[in-house]
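The following exercises concern a ligand site and selected backbone geometry. Each task is followed by a worked solution.

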Amino acid sequence: MNIDGKPYRTIWLAHDGRSVEIIDQTRLPHAFEIATLATTEDAARAILTMQVRGAPLIGATAAYGVALAMAADPSDVNLAAAIDHLGRQRPTAVNLKWALEEMRRTLKPLAPSERMSAAYAKAADIVEDDMTSCRRIGVHGVGLIERIATHKRPGARVNILTHCNAGWLACVDWGTATSPIYHAFDAGLPVHVWVDETRPRNQGASLTAFELGRHGVPHTIVADNAGGHLMQHGLVDMCIVGSDRVTAIGDVANKIGTYLKALAAFDNRVPFYVAMPHSTIDWNLERGADIPIEERSPDEVLKMTGRLPDGSIVTTDIAAPGSPALNPAFDVTPARYVTGFITERGICQATRDGLLELYPERAAGS
Ligand code: MRU
């Protein structure tokens, strides 16, 4: 998508054809900086420290992390070690495991001498797959927004609430939850986005607001606790969120706080959609309760980072000194609160049968 009129992706191969460049998301929205990943360890650290984050982008970065490992040493031992190491960096988003499994499946049968070029080609495929999937999520999802726009009085805006950043910064391009929004905006539909700030790391206020703003999409940041109130007052036409893992029966792991938005949406009869590519579906897991939930540093709750008037970026304490904090990074929304899934293959019910209608090849015995 565009930043001030210039098209960007979140990850690309550097001019040397070997290292990888990313937008350093720990610096946004205050500074726009490109970081170079020259080693597998750089890729692992970028995932762990959230220089890159968002389920699809974590997967794409890990794929290039394996390519960097193959450039350094294409042996069986190094292939296994790189996949293991990269896979340990963040536990909840299944896209990480999916991308690493794709890399393993492609590279393991090859002779070591063939692995480096095959690894870069496969990583590029994974990036391409994500861009295509996300674009198609928008093509399918825009109809939902169009339908609401048609039923509103002419010119009235369609208000969409989203949580965290499931935008192009979380993917390679387009985003998942934001793709229908960008498609609607680009088609001239009157969209407006309520952006949950998304404590504790503020991916909504810092990343979603940044990317929507730079593309020109009207939006307003709201405190996480405001969503229910907005829904009660008829100010939300629909919610669209992303996901880090959808189970085979349709339970949805996403950024902490998503569940509460789904409950509020259910109580207020606001449609609650989850947008995700095929790489986010964990066909091996049934119950949302079995999804591993990442627990992050209490410092993310106890401190806040911001920019001072002199331009310096500082992190400061915001809580009572000495008080402990707990920081689960994701929660699970049971499928019954999800109106539907928006995927690259179309829209379906949030049930096993709904998912299998779109992905019939996943049916047992097929
Ligand atoms: O901790 P993060 O920033 O990686 O969490 C990201 C989210 O929860 C997104 O909503 C999710 O990955 C969907 S991204 C298309």
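**Exercise 1.** Which polar side-chain atom lies 2.9 Å from an oxygen atom of the ligand?

*Solution.* The model is a predicted one. Step 1: the side chain of Arg 53 supplies the polar atom, at 2.9 Å from a ligand oxygen. Step 2: turn to the backbone, where a polar atom of Gly 54 is 2.9 Å from an oxygen atom of the ligand. Step 3: in the side chain of Asp 244, an N or O atom is 2.8 Å from a ligand oxygen. Because a polar contact is a pair of N or O atoms within 3.5 Å, these pairs qualify. Step 4: the ligand on its own has 420 Å² of accessible area, and the protein covers 100% of that area.

**Exercise 2.** Describe the site and the shell around the ligand.

*Solution.* Step 1: the ligand occupies the space of the largest cavity. Step 2: α2 (55-72) and β11 (252-255) are the elements giving two or more residues to the shell. Step 3: the surrounding residues number 19, and the closest are Gly 54, Arg 90, Asp 244, Asn 254 and Lys 255. Step 4: sorted by class, the shell holds 8 nonpolar, 7 polar and 4 charged residues. Step 5: domain 1 (2-129) and domain 2 (145-362) each contribute at least three residues to the shell.

**Exercise 3.** Locate the cis peptide bonds that precede Pro 29 and Pro 200.

*Solution.* Step 1: the bond from Leu 28 to Pro 29 is cis, with omega near 5°; Pro 29 belongs to the loop between β4 (20-23) and β5 (34-37). Step 2: the bond from Arg 199 to Pro 200 is cis, with omega near 5°, and Pro 200 lies in the loop between β7 (191-196) and α7 (203-215).

Note on methods:
Residues are numbered from 1 along each chain as its sequence is written. This is a predicted model: local features need pLDDT of at least 70, side-chain atom pairs count only at pLDDT 80 or more; totals for chains, interfaces and linings use all residues. Side-chain values use heavy atoms; hydrogens and water are left out. A residue is near a molecule or strand if one of its heavy atoms lies within 4 Å of it. A polar contact is a pair of N or O atoms within 3.5 Å; within protein, one must be able to donate a hydrogen and the other to accept it, and residues adjacent in sequence count only if both atoms are side-chain atoms. Accessible areas come from the Shrake-Rupley method with a 1.4 Å probe; for residues, only the protein chains shown count as cover. On a 1 Å grid over the protein atoms alone, a cavity is a set of points where a 1.4 Å probe fits but cannot get out, and a pocket is an open set with protein on both sides within 12 Å along at least five of seven lines; lining residues have an atom within 4 Å of a point. A molecule sits in a cavity or pocket if more than half of its atoms lie within 2 Å of its grid points. Helices (H or I, at least four residues) and strands (E, at least two) are DSSP runs, numbered from the N terminus. Ala, Val, Leu, Ile, Met, Phe, Trp, Tyr, Cys and Pro count as nonpolar, Asp, Glu, Lys and Arg as charged, and the others, Gly among them, as polar. Domain bounds come from an automatic or database domain assignment.
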